[in-house]
Structures are given as C-alpha cells and as structure tokens.
Amino acid sequence: MKFAIAVFSAAHAPSSRRALLFAQAALAGGHEIVRLFFYQDGVHSASSNIVAPQDEQDIARQWREFVSQHSLDGVVCIAAALRRGVLNQEEATRYQRSAVNLDAPWALSGLGQLHDAAQSADRLICFGGA
C-alpha cells in the first residue's frame, strides 16, 4: 500500500511521535511512503534548531534521520514555514533574514504537494491538528 503522511503538530507533540512510529511501521511492513508533508506547526519538526531536553526523545532529529535513511520525500509547507520562521538559505536570503534553520533532507514547497501526494497514494494519513 502507498501512504501519504501529513504531520500537523510540532515535534514535541505526541501526535508527531505517533506519525513517526506509523511511518517506521509502514516501511517495515513493506509499504511505500509517497510523501511526508509537514504543515501548520508540523513545520517545526524540520527545524535544525530544535533542542530536546535531555530526558526527552529528540523527535525532530529522529524525523531527519528517518527521512535521510530511507531517501523519503520530506516536504515542508512553505507558507506555514515562513509564517513560523522556518527558513532555508534561499528564503532567508529572499526575505533578508540572517537565520537559516531548514536544510537537507527537507524541501520547501506548496500545499499542492499534499494534494499531489494524496492523489498518488492509496491512503492519506494525517496526524495532529485541530
């Protein structure tokens, strides 16, 4: 089965961890992940500036490693990212900001990528959000 996974909550939220566990189980079960799409506060999961407390799991790091290890399409909604200060080098330069906190393996793109993933997948699974 082909899954598209949308994550709407930040890395420290329980639903982000559940999304990661689901994605890991899907691949372990022989399924395919068409795209991981991070939207709303989920864009924080892609920030390279997240520092988890020592007594908590670093879910943002785990997401980054998971996406890299499996060469997955990890897409961060550009509008949600800009609104929350999650910027790659190109956007930081465009908006004259000094901080860059989004790099590989993440790609900034529009909401159309979520629609495209939903069309390509057998199932769209969403985690977090209201």
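## Notes on the predicted fold

1. Let me start with the helix packing. Helix 1 lies across strand 1, strand 2 and strand 5, and its direction makes an angle of about 165° with strand 1. Helix 2 covers another set of strands, namely strand 1, strand 2, strand 3 and strand 4, and runs at about 140° to strand 2. Please keep in mind as you read that this is a predicted model.

2. Now to the sheet under those helices. In what order do the 5 strands of the open sheet come? The order is 4-3-2-1-5, with parallel pairing. Strand 4 and strand 5 (123-127) sit at the edges, and each of them pairs on one side only. From one strand to the next, the twist averages 25°.

3. Two of the strand pairs are worth a look in your viewer. Strand 1 and strand 2 run parallel and are joined by 6 bridges; within this pair, lysine 2 stands opposite glutamate 32 of strand 2. Strand 3 and strand 4, also parallel, are joined by 4 bridges, and here valine 75 has alanine 107 of strand 4 as its bridge partner. As for cover, strand 1 is mostly shielded, since 5 of its 6 residues are buried.

4. The largest nonpolar core has 33 residues, and the members that touch the most others are Ile5, Leu36, Trp63, Phe66, Val76 and Trp106. Elements that give two or more residues to this core include strand 1 (2-7), helix 1 (14-28), strand 2 (32-38) and helix 2 (59-69). Which element gives the most? Helix 2 does, with 5 residues. As general background, nonpolar side chains in soluble globular proteins tend to be buried together.

5. Tryptophan 106 deserves a closer look. Leaving aside residues up to four places away in sequence, tryptophan 106 touches Phe38, Ser45, Ala46, Trp63, Arg64, Val67, Gly74 and Val76. Just before it comes proline 105, in the loop between helix 4 (89-94) and strand 4. Proline 105 is joined to alanine 104 by a cis peptide bond, with omega about 15°.

6. If you are thinking about pockets, the largest one has a volume of about 240 Å³. It is lined by 16 residues, and those closest to its centre are Ala11, His12, Ala52, Glu56 and Gln57. Helix 1 and helix 2 each contribute at least two residues to the lining of this pocket.

7. Two backbone angles may catch your eye. Serine 71, in the loop between helix 2 and strand 3, has a positive phi of about 50° although it is not a glycine. Glutamine 96, in the loop between helix 4 and strand 4, likewise has a positive phi, of about 55°, without being a glycine. Are these residues buried or exposed? Serine 71 counts as exposed because its relative accessibility is 65%, and exposed means over 50%. Glutamine 96 has a relative accessible area of 72%, so it is exposed too.

8. Finally, the segment after strand 5 holds glycine 129. Which residues does glycine 129 touch, not counting those up to four places away in sequence? They are Phe8 and Gln40. Glycine 129 and phenylalanine 8 are 121 residues apart in sequence, yet their C-alpha atoms are 5.0 Å apart in space. With a relative accessible area of 49%, glycine 129 is partly exposed, because the exposed class requires over 50%.

Terms used. Residues numbered from 1 in each chain as written. Predicted model: local features only at pLDDT ≥ 70, side-chain atom pairs only at ≥ 80, totals over all residues. Heavy atoms only, no water. Core = buried A, V, L, I, M, F, W, Y, C linked by side-chain atoms within 4.5 Å. Buried < 20%, exposed > 50% of the residue type's maximum accessible area, 1.4 Å probe, protein only. Contact = heavy atoms within 4.5 Å. Pairing = 2+ DSSP bridges. Axes fitted to C-alpha atoms, helices over the stretch in contact; angles between N-to-C directions. 1 Å grid on protein atoms, 1.4 Å probe; cavity = no way out; pocket = protein on both sides within 12 Å on 5 of 7 lines; lining within 4 Å. Points joined across faces, edges and corners; volume = space filled by probe spheres on them.
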